[in-house]
Amino acid sequence: MTDFRTLDDAGPLQGKRVLLRVDLNVPMEGDRVTDATRIERVVPTIREIAEKGGKVILLAHFGRPKGKPDPKDSLKPILSTLSDKVGKPVAFGEDCIGDAAASAVGALKDGDVLLLENTRYHAGEEKNDPEFTKALAANGDIYVNEAFSAAHRAHASTEGLARVLPAYAGRLMQAELDALTKGLESPTRPVIAIVGGAKVATKIDLLENLVAKVDMLVIGGGMANTFLHAQGKDVGKSLCEKDLAETAQRILAAAKEKNCTIILPADALVAREFKANAENETVTVDAVPSDAMILDVGAASMSTIDGAIDEARTLVWNGPLGAFELTPFDTGTVAVARHAAARTKAGQLVSVAGGGDTVAALNHAGVGEDFSYVSTAGGAFLEWLEGKELPGVEALRAKG
Ligand SMILES: Nc1ncnc2c1ncn2[C@@H]1O[C@H](COP(=O)(O)OP(=O)(O)O)[C@@H](O)[C@H]1O
Ligand SMILES: O=C(OP(=O)(O)O)[C@H](O)COP(=O)(O)O
């Protein structure tokens with residue numbers, strides 16, 4: 001799958017300023033990184049460039065600050081975990097463009113590593129604005145894209161830079177594409193997909209194509225609530241995108257046409273507060289109290305999902321089934337993850353899962369090592385599965 005240039009084609013790196021786009025959008029609790037998988041997966045590339053004498057300048061986004069600096073989305077709290085994993089101090093630049101970036105880059109010696117502040121602090125990032133791209137490019141001699149998990153975004157740091165600097169795929173980018181192609185290019189059927197999580201608006205559209213590719217689609221997490229609402233159920237105070245009800249109905253109709261079985265929760269664990277150990281009860285999805293939130297699937301839904309996994313030969317999964325960071329609302333995600341892991345270990349299932357929080361959830365369930373393949377990507381992985389060209393990958397190809 002290497003129809004683009006990789007680090008092997010980049011020539012000598014000694015003294016070169018390498019703009020390395022990584023995905024550091026890791027799960028956090030306060031200032032603590034709760035799952036470092038995304039960091040660990042890019043460390044070999046950081047080390048390789050540094051060992052070859054390049055100056056490693058990390059570009060990354062965090063959260064969705066919508067083009068304005070917001071301290072809650074700063075990358076600074078990630079710095080200590082990043083330095084630990086890289087094995088040496090990583091410097092920090094307070095901005096990714098302008099004087100602050102230029103002076104931080106200017107201070108680098110060969111082999112040093114620098115992290116620049118959140119690219120999404122500037123509106124030009126998500127707009128893929130050529131002027132912003134130029135400002136980013138001013139600090140680099142070459143560009144390496146290692147952020148497969150953000151490659152579905154046509155942003156300045158994921159797509160624009162590949163058009164203005166010599167551009168290469170990083171090792172993780174290569175490995176992700178190779179592994180997904182190998183594991184899912186011609187999957188053994190039946191194929192089951194599980195899509196949950198909280199990024200409902202950005203992921204719901206891709207379900208319409210996904211139902212044509214898979215035999216069963218389990219919809220859980222926050223995503224399920226929008227579908228339950230679309231079916232006329234009262235989801236109380238649950239996370240729910242009511243304005244996407246029509247989209248949900250369209251997806252249900254497309255699934256019927258394509259013979260894709262949709263599995264929605266029949267029961268749910270609900271609570272009145274979004275916090276660990278909040279008082280909770282299991283109710284059917286027809287009886288969600290109007291002042292309560294659905295925070296996990298219920299036991300009946302879990303056993304339906306497990307049964308569907310038993311029928312499948314291939315599983316793809318993005319998005320936890322509930323608010324797994326909060327006990328006991330991790331119950332559904334943990335149980336289903338362990339069931340899928342056991343089937344995988346028994347040789348009955350090929351299981352591929354991805355997404356920042358999904359990986360954290362699998363690790364929380366103790367089965368991160370037991371899936372056939374765990375991708376750092378969630379949305380990007382699903383879009384790749386749909387058969388879409390990812391702008392970040394496409395831009396690298398154009399330079400190939
Ligand atoms: N029913 C729910 N209500 C609120 N949040 C939920 C619910 N189910 C899952 N979530 C949240 O979804 C988040 C992960 O979603 P998402 O970012 O889409 O996944 P990923 O990072 O794996 O792609 C988790 O933080 C989890 O708490
Ligand atoms: O965490 C990410 O994606 P994911 O939640 O699909 O795994 C990526 O960093 C992309 O983030 P975005 O969905 O805010 O563009």
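The exchange below covers two ligand sites and one helix pair in a predicted model.

Guide: In this predicted model, local features need pLDDT of at least 70, side-chain atom pairs count only at pLDDT 80 or more, and totals for chains, interfaces and linings use all residues. Residues are numbered from 1 along each chain as its sequence is written, chains are lettered from A and ligands numbered from 1 in the order in which they are written, and side-chain values use heavy atoms, with hydrogens and water left out.

Visitor: What makes a residue count as near ligand 2?

Guide: One of its heavy atoms must lie within 4 Å of the molecule. Ligand 2 has 14 residues around it, and Arg38, Arg120, Arg153, Lys199 and Gly379 come nearest.

Visitor: Why is the pair between Arg153 and ligand 2 called a polar contact?

Guide: A polar contact is a pair of N or O atoms within 3.5 Å. A side-chain N or O atom of Arg153 is 2.6 Å from an oxygen atom of ligand 2, so the pair qualifies. Gly379 uses a polar backbone atom, 2.7 Å from a ligand 2 oxygen.

Visitor: How much of ligand 2 does the protein bury?

Guide: The protein buries 95% of the 390 Å² that ligand 2 exposes when taken alone. Accessible areas come from the Shrake-Rupley method with a 1.4 Å probe.

Visitor: What classes of residue make up the shell around ligand 2?

Guide: Seven are polar, seven are charged and none is nonpolar. Asp, Glu, Lys and Arg count as charged; Ala, Val, Leu, Ile, Met, Phe, Trp, Tyr, Cys and Pro as nonpolar; the others, Gly among them, as polar. The shell around ligand 1 has seven nonpolar, eight polar and four charged residues.

Visitor: Which atoms of Glu325 and ligand 1 pair up?

Guide: A side-chain N or O atom of Glu325 is 2.5 Å from an oxygen atom of ligand 1. The protein covers 90% of the 580 Å² of accessible area that ligand 1 has on its own.

Visitor: Which element gives the largest share of the shell around ligand 1?

Guide: That is α14, with three residues. Helices (H or I, at least four residues) and strands (E, at least two) are DSSP runs, numbered from the N terminus.

Visitor: Why are α12 and α13 called roughly parallel?

Guide: Angles under 35 degrees count as roughly parallel. The axes of α12 (residues 299-311) and α13 (residues 331-345) come within 10 Å and cross at roughly 20°. The two helices are therefore roughly parallel to each other.

Terms used
A polar contact is a pair of N or O atoms within 3.5 Å; within protein, one must be able to donate a hydrogen and the other to accept it, and residues adjacent in sequence count only if both atoms are side-chain atoms. Axes are lines fitted to C-alpha atoms, for helices over the stretch in contact, and angles run from 0 to 180 degrees between N-to-C directions. Angles under 35 degrees count as roughly parallel, over 145 as roughly antiparallel, 65 to 115 as roughly perpendicular and the rest as oblique.
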